[in-house]
Amino acid sequence: MIQSTKMPSDQPLLSRSLMWAGAVLLGAAALLGLAGSGLFGAAAAIGLGRHVRGSGMPPSELGMHHWKRVKTAAHASADAWRGQTPVPTPRQPHTARVG
């Protein structure tokens, strides 16, 4: 005979204090993540500004310079990929072991 255990109907299934603690921790983690994202973005913007100022070129000219470099590299890699001939791999004879 199987006995079923019934919980009293006046007790909640979930602990409210644990749920509130989880919600508070999730909120704190979200705030820390937002702060970290802001710091990362500020550091990236400062570094990019220093790079542009250090190059001695206006930003539009610097952008075109890098765009030309990217296009040249892409064409070179595409041409190298198209010009490859498949290299046959040497096959080793499979020797059966006699034991």
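Which residue follows helix 1, and is its phi positive or negative? In this predicted model, that residue is Gly-56, and its phi is positive, near 80 degrees.

Stepping back to the whole chain, the protein's secondary structure comes down to two helices and zero strands. Helix 1 takes in residues 16-55, a run of 40 residues. At 1.5 Å a residue, a helix of that length should span 58 Å, and the C-alpha atoms at its two ends do sit 58 Å apart, so expectation and model agree.

Past Gly-56, which comes after helix 1, helix 2 covers residues 59-82. The two helices pack at an angle of about 95 degrees, and their axes lie 10 Å apart. Since angles of 65 to 115 degrees count as roughly perpendicular, that is how helix 1 and helix 2 are arranged relative to each other. On the helix 1 side, the contact is made by His-51, Val-52 and Ser-55, while helix 2 brings in Pro-59, Leu-62 and His-66. As for chemistry, the contact residues split into three nonpolar and three polar, with no charged ones.

What share of the residues in the protein is buried? Of the 99 residues, buried ones make up just 1%. The accessible surface of the protein comes to about 9800 Å², and carbon and sulfur atoms account for 66% of that surface.

Key:
Residues are numbered from 1 along each chain as its sequence is written. This is a predicted model: local features need pLDDT of at least 70, side-chain atom pairs count only at pLDDT 80 or more; totals for chains, interfaces and linings use all residues. Side-chain values use heavy atoms; hydrogens and water are left out. Helices (H or I, at least four residues) and strands (E, at least two) are DSSP runs, numbered from the N terminus. The expected span of a helix is 1.5 Å times one less than its number of residues. Axes are lines fitted to C-alpha atoms, for helices over the stretch in contact, and angles run from 0 to 180 degrees between N-to-C directions. Angles under 35 degrees count as roughly parallel, over 145 as roughly antiparallel, 65 to 115 as roughly perpendicular and the rest as oblique. Contact means heavy atoms within 4.5 Å. Ala, Val, Leu, Ile, Met, Phe, Trp, Tyr, Cys and Pro count as nonpolar, Asp, Glu, Lys and Arg as charged, and the others, Gly among them, as polar. Buried means under 20% relative accessible area, exposed over 50%, partly exposed in between (1.4 Å probe, protein chains only). Accessible areas come from the Shrake-Rupley method with a 1.4 Å probe; for residues, only the protein chains shown count as cover.
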